[in-house]
Amino acid sequence: MTSLEPIFEAIKTSAFRIHEAITNEDTDYSAQSNQSGDIQLKLDIISDLIIAEEFSKLPVIKTIASEEKEEAETLHPDGQLLIAYDPLDGSSLIDVNLSVGSIFGIYDGGWDAQNMIAAVYVVYGPRLEMVTAYHESVRHYIYRHGRFKEMELIKLNEKGKLNAPGSTQNCWSSEHKALIEELFDEGYRLRYSGGMVPDLHQILLKGGGLFSYPATSDRPNGKLRKLFEVFPFAFIYELAGGEAIGAKGERLMELPCSEPHESAPCYFGSKYEIAKAKDVCCKQ
Ligand code: AHM
Ligand code: MG
């Protein structure tokens, strides 16, 4: 089996460089927009260039697809692996200095979720952190004194306490509203920053809860993109002992992906909250 260590090392180098850019570069918008129609920050473009540059040094990587680029790009025709990434997720939070992240999905054989062999995310917060999901375990690293130090493995409890409901509330379905209300009625606490990476990281590290970005009347297919955001976190949550489902209760990891920027409604959580989501709003 191909070792993923060089890829993890390239992600660590990119993370360090992006962290430096966030600290030192300005937070202005550029004159460009991406495939999803979002106006790009200069930092979105810089982060994308940094990651592409680090990945281009690795002959094992055949193709990359970025949330910031319209089309996938072949790096090494004889390479084996495909990597989809969101270079700077949540970048609209940068100006108010909230945490943001980078997300990576690594595939062998095509872009369908079933071909994913590893997923990684980086959190740029008060600290620089990285989480890898690979070989049956979800590993957590914190950047200290010039290197990423490995911490305890990440495992979700059966049931958590946090509720992170995304999107525009007055566009929710009545079923989705009912799910969110039921969780609050059971004592769940609201934790939603608007950054998928720190919001999902918080649920993973605090033992469990629910993050949802549903189908809404303004966005019937949700907002979060399968390749760049949904599949990598579905892989990570399942490996951590949780579950990740779509609008009909189906496993997100079983969804096909026919277009790189396709989105999907999504629910990530520990087993209790996902069972509840299936019962209350995610039905066939
Ligand atoms: P981005 O890729 O343009 O940064 O958008 C993705 C972000 C996620 O990090 C977050 O979960 C979501 O958008 C928040 O959206 P909303 O403000 O609609 O809840
Ligand atoms: Mg994103």
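The following exchange takes up the metal site, the aromatic pairs, the nonpolar cores and one glycine of a predicted model.

Author: This is a predicted model, in which local features need pLDDT of at least 70 and side-chain atom pairs count only at pLDDT 80 or more, while totals for chains, interfaces and linings use all residues. Residues are numbered from 1 along each chain as its sequence is written, chains are lettered from A and ligands numbered from 1 in the order in which they are written, and side-chain values use heavy atoms, with hydrogens and water left out.

Reader: What makes a residue a donor of the magnesium ion (ligand 2)?

Author: Donors are N, O and S atoms within 2.8 Å of the metal (3.2 Å for Na, K and Ca), and water is not among the atoms, so sites may look incomplete. E67 (OE), D86 (OD), D89 (OD) and E229 (OE) lie 1.9 to 2.7 Å from the magnesium ion (ligand 2) and are its protein donors. Their spacing in sequence is E-x18-D-x2-D-x139-E, and the pair D86, in strand β5 (residues 81-89), and E229, in helix α5 (residues 226-239), links parts of the chain 143 residues apart.

Reader: Why is D86 called buried or exposed, and how is E229 classed?

Author: Buried means under 20% relative accessible area, exposed over 50%, and partly exposed in between (1.4 Å probe, protein chains only). D86, with a relative accessible area of 0%, is therefore buried, and E229, at 1%, counts as buried too.

Reader: What makes the rings of F55 and F104 a pair, and of which kind?

Author: A pair of aromatic rings is described by the distance of the centres and the angle of the planes. Rings of Phe, Tyr and Trp (its six-membered ring) pair if their centres lie within 6.5 Å, and planes under 30 degrees apart count as stacked, over 60 as edge-to-face and the rest as tilted. The structure holds 12 aromatic pairs; in one of them the centres of F55 and F104 are 5.9 Å apart with planes at 70°, so this pair is edge-to-face. Because F55 lies in helix α2 (residues 42-55) and F104 in strand β6 (residues 100-107), the pair ties together parts that are 49 residues apart in sequence. Y107 and W111, with centres 5.3 Å apart and planes at 75°, are therefore edge-to-face as well.

Reader: How do you know that the charged end of K159 sits over the ring of Y272?

Author: A charge sits over a ring if NZ of Lys or CZ of Arg is within 6 Å of the ring centre and within 35 degrees of the ring normal. The charged end of K159 is 4.7 Å from the centre of the Y272 ring, and that of K12 sits over the ring of Y141, 5.4 Å from its centre.

Reader: Why is the largest nonpolar core said to lie between domain 1 and domain 2?

Author: A nonpolar core is a set of buried Ala, Val, Leu, Ile, Met, Phe, Trp, Tyr and Cys residues joined through side-chain atoms within 4.5 Å. Of the 45 residues in the largest one, F211, F231, F233 and F268 touch the most other members, and α5 gives the most to this core, with 10 residues. Domain 1 (5-153) and domain 2 (162-280), whose bounds come from an automatic or database domain assignment, both give residues to this core, so it lies between them.

Reader: What makes G160 count as buried or exposed?

Author: G160 has a relative accessible area of 9%, and is therefore buried; its place is in the loop between β10 (147-150) and β11 (162-165).

Methods
Helix = DSSP H or I, 4+ residues; strand = E, 2+ residues; numbered from the N terminus.
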